[in-house]
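Visitor: Please give me a close look at the charged side-chain pairs here. I would like to know where the partners sit and how well they are covered.

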Amino acid sequence: MSEQLPSGYKEPFYKGEYSFNTGRVHQFTWVDYLIFAAMLAISASIGVFHAIKDRKKNLDNYLMAGRQMSPIPVGLSLLASFMSAITLLGNPAEIYLYSIMYFWIGVGYFLCIAGASHIYLPMFYQLQVTSAYEYLEQRFSRGVRTAASLVFVLQSILYMAIVLYAPSLALNAVTGFTLWGSVVAIGSIATLYTAFGGMKAVLFADSFQVLTMMTALLAVLIKGGMVIGGLGPAWESLKRTNRYIWDDTTVDPSVRHTVWSLAIGGYFTWVAIFGVNQTQVQRAVTTPSLTKAKIAMWMNFPGKCFILFLCCFIGIYMSAFYENCDPIKAKFISDSNQVLPMFVMDVLSDQQGLPGLFIAGLFSGALSTLASGLNSLSAAVFKDVIGLYWKDKFNDRSARILSILIVIIFGAILLGLAYVASLLGNVLQAALSLFGIIGGPLLGVFTLGMFFPWANYIGAFCGLFGSLILLFWIGVGAAVYSPPNLKAFHYINNCNLSVLSNDTIASMFANVTKVIDTSAPAYGLYRLSYMYYSMTAVLATVTIGLVVSFITGYTKPQDVNPRLICPFFDVIFPFCFLPECIRKPLRFGIVHTGVYGEPEIVDKESKSPDKVQSVENHINLALEVDTQQGKIKSNKIGVDVNGADNVDTKL
């Protein structure tokens, strides 16, 4: 920096064999290809090992790993499932394109893990479900269960298509490896080891892959910091380029990122994933106890924050490095999701093997998400659709074979949908928007069932599909009209124009302004921040569901199985410390017995007085006696003849 800069150039100026000086992007060496291939081989071998080892095990072992897994691999798998290549590419690109506001999503992570661990997970664990949507059948109806499961299938295949496309795009940018060749390769490997290895293969492969991701990110962060000169110069660059925005507390829901949209909106976005998403629920309940399931879930908070901070600080260094030569304007790359791979090739190319390690980390993220998603799709489709309606037609062996076929079929579908993902732009925003548009209504229908005992199955149907229609309308409108967002400054002062084509130079200096039609119908609604999509969906689902339930004949709280209602005010801080006289009316007449989240255990030998009293309480709550006509109105009694809480018996 002490040497005189070339004429017309501007500080900071980085000398070296970098793309903006040479006009070319560095390529992989044979060492990089070797490391990348080794990662794919290890992931595939984990699947082959478990396919051979567990080939004689039953369907429950294939889908649920026997429900005896340690919380460590489960926690790492939970972390890997949705911390994919989208996170690794999207978070740094978010800082590069906009500002450092995204750091606040860490608050949303904390709230999400707390809510998932102590509100939603205990419900699924006590019911010992394989599919999360089994709850909806018990609470509402078989039809609601199947409908919600099919909505989950739609969400998963669209999300996984983005996950499959993103790292393939990155590999294409820095290696010249054919884009669709890498899509087919990575999709095929994930499909095969998931299909034949089952849940154990997914859990252990995820554990290996998330460690690979973290190692790759650390390598990029350390070398990037050395090139830039540390956080000091990087921080000054943030201020010069309008990225030093971190304290926006406006309550305007149209502002893309604020403290509130990232914390509160982030909670609803991510709890829809960690709290009720089949991919996460299925992993959490593979542990032998609720305590271990919570440990596995809470492992995600430091893990998610660690990956978040690594990605964001890499984004800060990346922004400083390209402050005066935007690689997108210079036509080195065509997409913001390729900025990080280009940065990696610029700063790590002198260290053979490190670029290969980073790309291996990217594909590790993709593999973990694809494997987790395919395994969950298999469980959901078999349990909630095929097995639910044609259960008697399959023995355990044929059920496992069918589950394998389901994985292979969905793997093939993903390859086709990857093309759709290529049209979605910023992968991070696209993925989180998808979580809100489709995941939000699913969170809403579970919330409706767990917290509002008056809701009936008609209300659940209407709430689910009503909110889906509303959110699709908003999402499609936002995509068509593209609301303007404040972006960081991107300069071209230090691009070496002598190595660029005339067409590229002309496009760099072109001033193109996009005109937004703000008079379009409902344009204000289209400007809603994508971080509020999930919260909007939950509010819409609950509102529509309750209104329809009261119109069509609401469910009486005493007729609902208490084990299907979350005792929110008894288990959540600080409400659990309220006096009983306040908490009792907030239960709406529902008597909760036992510890929330503990599976119901039927002890045939025990007939203790407290169990007998519990049975009597349920009888008194379930029966309404018409003293004038001497008839029993309600024909539903929740009685367990052995003293447990609830067995459906009809008089």
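**Salt bridges and their surroundings**

Guide: The count comes to 11 salt bridges, a salt bridge being a side-chain nitrogen of Lys or Arg within 4 Å of a carboxyl oxygen of Asp or Glu. Side chains of opposite charge can pair when their charged atoms come close. This is a predicted model, in which local features need pLDDT of at least 70 and side-chain atom pairs count only at pLDDT 80 or more, while totals for chains, interfaces and linings use all residues. Residues are numbered from 1 along each chain as its sequence is written, and side-chain values use heavy atoms, with hydrogens and water left out.

One of these pairs is R240 with E323, with 2.9 Å from N to O. R240 belongs to helix α10 (residues 231-240) and E323 to the loop between α14 (300-321) and α15 (339-348), so the salt bridge ties together parts that are 83 residues apart in sequence. Helices are DSSP runs (H or I, at least four residues) and strands are runs of E (at least two), numbered from the N terminus. The partners differ in cover: R240 is partly exposed at 39% relative accessibility, whereas E323 is buried at 2%. Here buried means under 20% relative accessible area, exposed means over 50%, and partly exposed is in between (1.4 Å probe, protein chains only).

D570 takes part in another pair, with R583, at 2.6 Å from N to O. R583 sits in helix α24 (residues 580-583) and D570 in helix α23 (residues 568-571), so this pair links parts 13 residues apart in sequence. R583 is buried, with a relative accessible area of 15%. D570, at 24%, counts as partly exposed.

D570 also forms a salt bridge with R587, whose closest N atom is 2.8 Å from the O atom. R587 is in the loop between α24 and α25 (609-622) and D570 in helix α23, so the parts tied together are 17 residues apart in sequence. R587 is buried as well, at 18% relative accessible area.

Elsewhere, E137, R142, R145 and D384 are joined into one network by salt bridges that share partners. D384 lies in helix α16 (residues 354-389) and is buried, with a relative accessible area of 0%. Its side chain makes a polar contact of 2.6 Å with that of R145, and another of 2.9 Å with that of S149. A polar contact is a pair of N or O atoms within 3.5 Å; within protein, one must be able to donate a hydrogen and the other to accept it, and residues adjacent in sequence count only if both atoms are side-chain atoms. Leaving out residues up to four places away in sequence, D384 touches S131, Y133, E134, R145, T146, S149, A379 and Y389, contact meaning heavy atoms within 4.5 Å.

As background, the protein has 25 helices and 4 strands. Of its 651 residues, 58% count as buried. Among contacts between residues at least 6 apart in sequence, 85% join residues at least 24 apart.
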